[in-house]
Amino acid sequence: MQARREPDTAPLHWWQTRWFVIAATLLACVPLLLPDIAPIVDLPGHMGRYRVQLDRGAHPWLAEWYDFDWSLIGNLGVDLLIEPLAPLIGLEPAVKLIVMAIPALTVAGLLLIAREVHGRIPPTALFALPLAYGYPFQFGFVNFALSMALALCLFALWLNLARRGRLALRAALFVPLSCLLWVCHTFGWGVLGVLAFSSEMIRQHDLRGTKASGHWIESWVRAGLGCVPLALPMVLMVAWRSGADVTGQTADFFYWRTKIAWLLMSLRDRWLWFDVAGMAVLYLVLFKAVRDPRLGYSRHLGLSALFILAVYILLPRIVFGSAYADMRLAPYLLAFAIIAIRPQPGATIRHAAIWAMLGLAFFLVRIGAQTVSYARFADDYRQELAALDHVPVGARLISFVGHNCRNDWRMSRLEHLPALALERRLAYTDDQWSMAGGQLMTTRYAAAGGFSHDPTQLVTAQRCRGEWWRPVDYALARFPRAAFDYVWLIRPPTYQERFIPDLKPVWRSPDSNSVLYRVDRSIPPVEATDEELGIPAYIVEFIRRRREALIRAGVITN
């Protein structure tokens, strides 16, 4: 039996029109219009890397601090786009434009997929649109999020060409398109492959018009052959991950508690009660579609959602040293489950219109709240970045950002703010990632010792169990003075000034407890034992041994 689609002659309702798709796509950009820098956690860190990428030849001290080598890896989406854009409009506007495009493309992709599968956009699909600002996007996984947005749009094209019988054209187009998607980020290419295979399996089975098990096996085989045009990046993947410079382990399988938690936190942003209520709405819609005889699920997208669920279950938390691998899929799993819902034959237009109005209201409320949230985070950025007016170009800057041992619902978004000193002042910062093979840049500033790269910029009031973050007193007393000129404390926990007699304040925030210090080399640093600094000797020894083990395993460097 062929998958049911609404006939093309059916009258269009407002949520099914081209103008609505355009309006929803543009509306998805609104929260990112006001902030100069999108307040998503990792983005400032990436922007520091982009500055080195663009200007390393003009400033020789950057080459003394960082290694940057172009290579073909599956994690280059924004890195490549800023090459033509930054010289034209500047680095920060270029990054803003690219990041704004991510939720817009995600919304457009979801609506286009729903239209291709159902024939018309079902009213319930509107509930999926706020997931464009899902938790992985808030983390700042920009190459990943861009690749997923592109994967959704490409999947809509894959479905469209199959529907029109243009299979030869589809094969020719998707050989280069799949390679470009892989270069953007491996994850997007992998998800596109899963979606394409599931859709091909349904299409092949429906072409044979039977539910016999033998035809399902044949459909699997034919679906695999149909997806061959997507396979070329597998060669690129083998070449990338078999290189001598690639590090990082794959670990933490089947952490059921966290996997369930990610599915409950897909809309996590600022307000716990508000975001949890939003998740409750999504799950209520999914439940209602099961119970309401006027609603049903598409086999096509339902199978895609099940395939993504299987990948989500099998994925570990860490893949090749990159954390939160499984978490990244959660919003897209929910989105596919929601756009799989459609009205059953005989459902009235009034019933559909009510669902459309409720879905639109949900989208507008979430976009409005996201706009307010980002505006407040942007104010935090402006307050703290005033310190950079006092940082000389080319300064050697170490930064310590206050953190805590709790997993607060509202992340501060300040974790990688120090990298903007690298981006704006060409200063050394200690928050850059150092993952050989995982990205193009690694740190090489040997004088910084154990304070050279992420996560040394995060400090806490006391040692947190299972984390590498240092207590603030320990970090301030033990960082290598000879390697740095300035110390930037960003909303730190309470610390004892008796451990920093050689640090002289040059700027203090009027709105927070942030402060910028200059290292005064004429004053000797304080001598303090580990116990005085809040770290028992046995813990110091444990950390040393654990760090050495992780270096040998390739999880971290230096």
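Visitor: Which residue in β10 does Val487 stand opposite?
Guide: This is a predicted model. Strand β8 covers residues 486-490, and it pairs with strand β10 (residues 515-519) in the antiparallel sense over four bridges. Opposite Val487, in β10, stands Tyr517.

Visitor: In what order do the strands of the six-stranded open sheet run?
Guide: The pairing in this sheet is mixed. For instance, β4 and β8 pair in the parallel sense over five bridges, whereas β8 and β10 pair in the antiparallel sense. The edge strands, each pairing on one side only, are β7 (470-471) and β9 (503-508). The order is β7-β6-β4-β8-β10-β9.

Visitor: Which residue of β8 is the bridge partner of Val401?
Guide: Val401 belongs to β4, which spans residues 397-402. Strand β4 pairs with β6 (residues 458-460) over two parallel bridges, and the partner of Val401 there is Leu458. With β8, strand β4 makes five parallel bridges. In that strand the partner of Val401 is Ile490.

Visitor: Is strand β4 largely enclosed or largely open, and how many of its residues are buried?
Guide: One side of β4 carries Leu397, Ser399 and Val401, and the other carries Ile398, Phe400 and Gly402. Both faces are covered, with all of these residues buried. The strand is therefore largely enclosed by the rest of the structure, and the buried count is six of six.

Visitor: What is the orientation of α9 relative to α14?
Guide: Helix α9 spans residues 186-208 and helix α14 residues 299-314. Their axes lie 9 Å apart, and the packing angle is about 140°. Angles over 145 degrees would count as roughly antiparallel. The angle here therefore makes α9, relative to α14, oblique.

Visitor: How many nonpolar residues does the contact of α9 with α14 have?
Guide: The two helices cross in the right-handed sense. From α9 the contact includes Val194, Leu195, Phe197, Met201 and Ile202, and from α14 it includes Leu303, Phe307, Ile308 and Val311. Other members are Ser198, Ser199 and Asp206 of α9, with Arg299, His300 and Ser304 of α14. By class there are four polar residues, two charged and, for the class asked about, nine.

Visitor: What share of the contacts with a separation of 6 or more comes from residues 24 or more positions apart?
Guide: The protein chain has 19 helices and ten strands. Of its 558 residues, 55% are buried. Among contacts with a separation of 6 or more, the share from residues 24 or more positions apart is 78%.

Note on methods. Residues are numbered from 1 along each chain as its sequence is written. This is a predicted model: local features need pLDDT of at least 70, side-chain atom pairs count only at pLDDT 80 or more; totals for chains, interfaces and linings use all residues. Side-chain values use heavy atoms; hydrogens and water are left out. Axes are lines fitted to C-alpha atoms, for helices over the stretch in contact, and angles run from 0 to 180 degrees between N-to-C directions. Angles under 35 degrees count as roughly parallel, over 145 as roughly antiparallel, 65 to 115 as roughly perpendicular and the rest as oblique. A crossing is left-handed if the near helix is turned anticlockwise from the far one by less than a right angle, and right-handed if clockwise. Contact means heavy atoms within 4.5 Å. Ala, Val, Leu, Ile, Met, Phe, Trp, Tyr, Cys and Pro count as nonpolar, Asp, Glu, Lys and Arg as charged, and the others, Gly among them, as polar. Buried means under 20% relative accessible area, exposed over 50%, partly exposed in between (1.4 Å probe, protein chains only). Two strands pair if DSSP finds at least two bridges between them.
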